[in-house]
Amino acid sequence: MKHVISAGLTIAIHLIVLALLTVQWQQKTPPFKKPEINYVRAELVTLKSQTLEKQEKESPKIVDLTKQRQEQERQKKLEQAKRKKAADKKRQKELADKKAAEQKAENARKKAEQEKKLQEELTRKNEAKAFEEALAAEGQALEVAQTLEQEYEAIAMSYEAAIRQRIAMNWDRMPNARNGMECTLSIRLVPTGRVVSVAVVKSSGNLHFDDEAKKAVQRAEQFPELIGIEAEIFERYFRELTFVFRPEDLRR
Amino acid sequence: MRANNMPLARVMTAVVTIAVVMMTSLLSLHAHAGLTIEITSGRNDPIAIAVVPFDGADGLQEDVQNIISNDLRFSGFFMPVAKENVGYPIKSRSELHYRDWRKFNVPYVLFGQFTNSGGAYRLSYELHDVLGEKPILVRTLAGPTHQLRDIAHAVSDSVYETVTGIPGVFSTKILFVQDLKKGNKRYRLMHADADGGRETVLFSSDEPILSPTWSNDRRQIAYVSFETSRPAIYTQDLATGSRTRVTQFKGLNGAPAFSPDDKSLALVLSKDGNPEIYTLELQSGKLRRITNHFAIDTEPNWSHDGKHIIFTSSRGGSPQVYRVGLASKRVERLTFEGDYNARPRLTPDGESLVMVHRREGVFHIATQNMKTGDMRILTETWLDESPSVAPNGAMLLYATQSRNKGVLAAVSLDLGIKVKLPSKEGDVREPAWSPFPQKSQ
């Protein structure tokens with residue numbers, strides 16, 4: 001009984017600490033009052049942004065459609081080469097797989113035998129010891145969770161670029177579209193990367209513009225790069241997506 | 001001991017429960033609502049459209065399906081599906097299968113039926129949105145045989161406007177100069193549909209004709225003619241054909257442009273030494289000199305409000321585009337990118353400047369945003385004559401060379417897609433696109 005109570009207490013304390021750390025002590029320190037120096041700083045910031053603006057004005061943006069088209073052609077060829085390579089690889093893989101399958105069946109039989117032995121050994125082990133080990137592991141859990149969080153985010157970002165490109169490739173802009181128009185869409189995906197719903201969350205005020213944004217998503221239909229992504233990452237970042245369409249490369 | 005243990009155990013259970021609840025609620029707070037992705041650039045390609053042959057169109061004097069396909073292709077915004085791939089006439093909506101078109105990545109399908117009753121044709125047509133799986137345009141037009149081209153262009157206009165949100169220009173007209181290169185009256189001033197069809201001769205001469213231009217009310221035109229062996233500027237009434245010589249000064253008389261109210265012409269005269277910009281009041285004949293510089297000033301264009309004239313000048317050492325205030329005579333340089341910017345034209349909305357632009361030794365058609373100065377380089381070009389902007393501001397017509405012949409070509413200002421018009425006898429050059437017909441007409 002004593003064991004159960006102390007174990008319960010330990011778990012509870014661990015959970016509370018973990019919870020508090022997750023929330024990251026939002027009110028950790030009282031607000032620090034800064035002296036007059038604040039004013040100078042603010043002015044410096046303003047000055048900097050002004051020079052930036054001025055620079056932007058002095059060098060107008062130049063969009064070169066002829067170069068874009070050359071680049072498009074290059075990408076198309078690359079894509080074709082990639083597809084061919086993938087097909088070749090697939091064929092080779094199928095051959096290798098066939099051979100491997102036979103070997104695998106043999107290996108599996110051996111492995112099953114081994115595992116059975118291990119399992120029996122494990123059950124024989126001291127249960128209390130196993131419990132203590134589990135607690136120690138939990139101590140590291142927080143650290144692991146944080147690294148995992150960063151890792152997840154990095155992975156999500158790498159998929160983001162591919163998704164953005166696929167949408168851009170499918171986005172037609174009408175001649176009445178203007179730079180700076182903005183339409184926000186909410187999209188739902190299933191784990192195969194297929195789009196199951198598209199909704200306008202914030203209209204640009206121009207129905208043609210909103211419509212073309214929606215069509216870009218409908219035309220893309222699916223983001224095949226998401227196939228095979230870890231379920232946890234999919235749920236967190238890609239199940240629900242927000243797309244903001246805001247052209248910067250138009251004539252006006 | 002045992003009696004004490006029981007409540008303690010309960011407390012413990014409660015603590016654990018609270019902790020677990022806290023954890024889960026905090027984690028759910030932490031749960032992401034998914035990524036937000038910003039898309040700031042898109043495709044610059046024409047949109048596929050299937051123009052299905054109209055039911056009952058067999059044996060008509062005009063190939064309506066062909067005229068519409070060409071119109072849409074000519075806009076640079078659409079890429080009609082090849083004739084052999086559009087299938088058979090669709091007689092009713094139930095014969096339209098969205099999935100088939102979607103499979104071939106065709107987002108728009110146009111179909112319709114012709115019926116003939118006593119010499120008059122009636123065309124009922126529908127434009128369908130394949131992704132949205134719904135009709136977005138349903139209309140009926142009627143007219144006699146000789147108006148089949150008008151019917152076709154009206155269909156193109158409505159399709160273009162439905163998809164793009166701006167009016168189509170397929171029912172508007174163009175002027176151009178044709179040089180037959182042989183015989184009497186080899187130079188001809190021509191009037192035609194925007195696609196080059198139904199051409200008529202407005203004026204012909206043994207001597208060159210240059211720089212035709214429209215008045216804003218579409219009732220008259222102005223051009224330069226060498227018929228007296230010296231250049232002179234003429235206006236011509238389109239309804240009556242009557243001509244008026246408005247200037248014939250010593251030296252150059254060139255590049256006429258009607259003011260927004262059609263009461264004045266801007267033009268180039270070299271009577272005072274070298275080419276300068278002038279304005280001429282048509283009613284009174286009052287002439288005003290606008291520029292005064294030893295360099296060449298030419299190619300005048302009126303601003304939207306009629307208060308400025310945009311022109312090309314070599315005053316900075318290389319040709320660049322400038323703007324002069326008619327009241328203040330103050331001159332302001334507009335272009336700074338590249339070592340050559342000429343043939344300036346303002347789009348009808350006044351938002352963009354279209355010009356021939358040279359960078360790294362290559363000539364391009366480029367647009368410049370009048371507010372921000374941002375530029376778009378549309379296409380490489382060898383064009384040597386003034387481009388003319390369509391009244392909807394989305395296209396540009398210009399003269400170019402194809403197989404050693406002068407032909408007309410169009411480029412879409414937004415996508416930079418070039419399309420050549422069918423070639424004609426001799427050389428064709430100096431196109432001028434008409435304004436839209438006025439609403440009252």
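A residue is termed buried when its relative accessible area is under 20%. The exercises below apply this cut-off and others to a predicted model.

**Exercise 1. Determine how far helix α2 of chain B is covered, and list its buried residues.**

Solution. Step 1: helix α2 of chain B spans residues 64-74. Step 2: eight of its 11 residues are buried, and the helix is therefore mostly covered under the 20% cut-off. Step 3: the buried residues of α2(B) are B:Val64, B:Gln65, B:Ile67, B:Ile68, B:Ser69, B:Asp71, B:Leu72 and B:Phe74. Step 4: beyond the helix, α2(B) is followed by B:Gly76, which has a positive phi near 80 degrees.

**Exercise 2. Describe strand β14 of chain B and its pairing with β15(B).**

Solution. Step 1: β14(B), residues 253-258, has five of its six residues buried. Step 2: four bridges connect β14(B) to β15(B), residues 264-269, and the two strands run antiparallel. Step 3: one of the residue pairs can be named, since B:Ala257 has B:Ala266 in β15(B) as its bridge partner. Step 4: the hairpin has five residues between the strands, and B:Asp262 in this hairpin takes a positive phi near 65 degrees.

**Exercise 3. Characterise the interface of chain B and chain A by its area, residues and polar links.**

Solution. Step 1: the two chains bury about 5,700 Å² between them, with 57% of it on carbon and sulfur atoms. Step 2: B:Leu35, B:Ile37 and B:Ile39 supply 14% of the area that chain B buries against chain A, more than any other three residues. Step 3: the contact takes 66 residues from chain B and 61 residues from chain A. Step 4: between the chains there are 28 residue pairs in polar contact. On the side of chain B that touches chain A, α1(B) gives the most, with 12 residues. By class, this side has 29 nonpolar, 22 polar and 15 charged residues. Step 5: six salt bridges are found across the interface; one of the bridges with a partner in each chain joins A:Arg246 to B:Glu38, with the closest N and O atoms 2.8 Å apart. Step 6: strand pairing also crosses from one chain to the other, as three bridges join β1 (residues 62-64) of chain A to β25(B) in parallel. Here A:Ile62 stands opposite B:Met375.

**Exercise 4. Establish where A:Asp172 lies, whether it is buried or exposed, and which side chains it meets.**

Solution. Step 1: A:Asp172 is found in the loop between α4 and β2 of chain A. Step 2: its relative accessible area is 3%, so A:Asp172 is buried. Step 3: within chain A, A:Arg219 forms a salt bridge with A:Asp172, the closest N and O atoms being 3.0 Å apart. Because A:Arg219 lies in helix α5 of chain A, this pair ties together parts that are 47 residues apart in sequence. A:Arg219 is buried as well. Step 4: towards chain B, the side chain of A:Asp172 makes a polar contact of 2.7 Å with the side chain of B:Arg43.

**Exercise 5. Explain what the salt bridge of B:Asp195 and B:Arg149 ties together.**

Solution. Step 1: the closest N and O atoms of B:Asp195 and B:Arg149 are 2.7 Å apart. Step 2: B:Asp195 lies in the loop between β8 and β9 of chain B and B:Arg149 in helix α4 of chain B, so the pair ties together parts that are 46 residues apart in sequence. Step 3: B:Asp195 is buried at 13%, and B:Arg149 counts as buried at 13%. Step 4: both residues belong to a network of salt bridges that also links B:Glu62, B:Asp150, B:Lys173, B:Asp193 and B:Arg198.

Notes: Residues numbered from 1 in each chain as written. Chains lettered and ligands numbered in written order. Predicted model: local features only at pLDDT ≥ 70, side-chain atom pairs only at ≥ 80, totals over all residues. Heavy atoms only, no water. Contact = heavy atoms within 4.5 Å. Buried area = accessible area lost by both parts, 1.4 Å probe. Salt bridge = Lys/Arg side-chain N within 4 Å of Asp/Glu carboxyl O. Polar contact = N/O pair within 3.5 Å; in protein donor to acceptor, adjacent residues only side chain to side chain. Nonpolar A, V, L, I, M, F, W, Y, C, P; charged D, E, K, R; others polar. Buried < 20%, exposed > 50% of the residue type's maximum accessible area, 1.4 Å probe, protein only.
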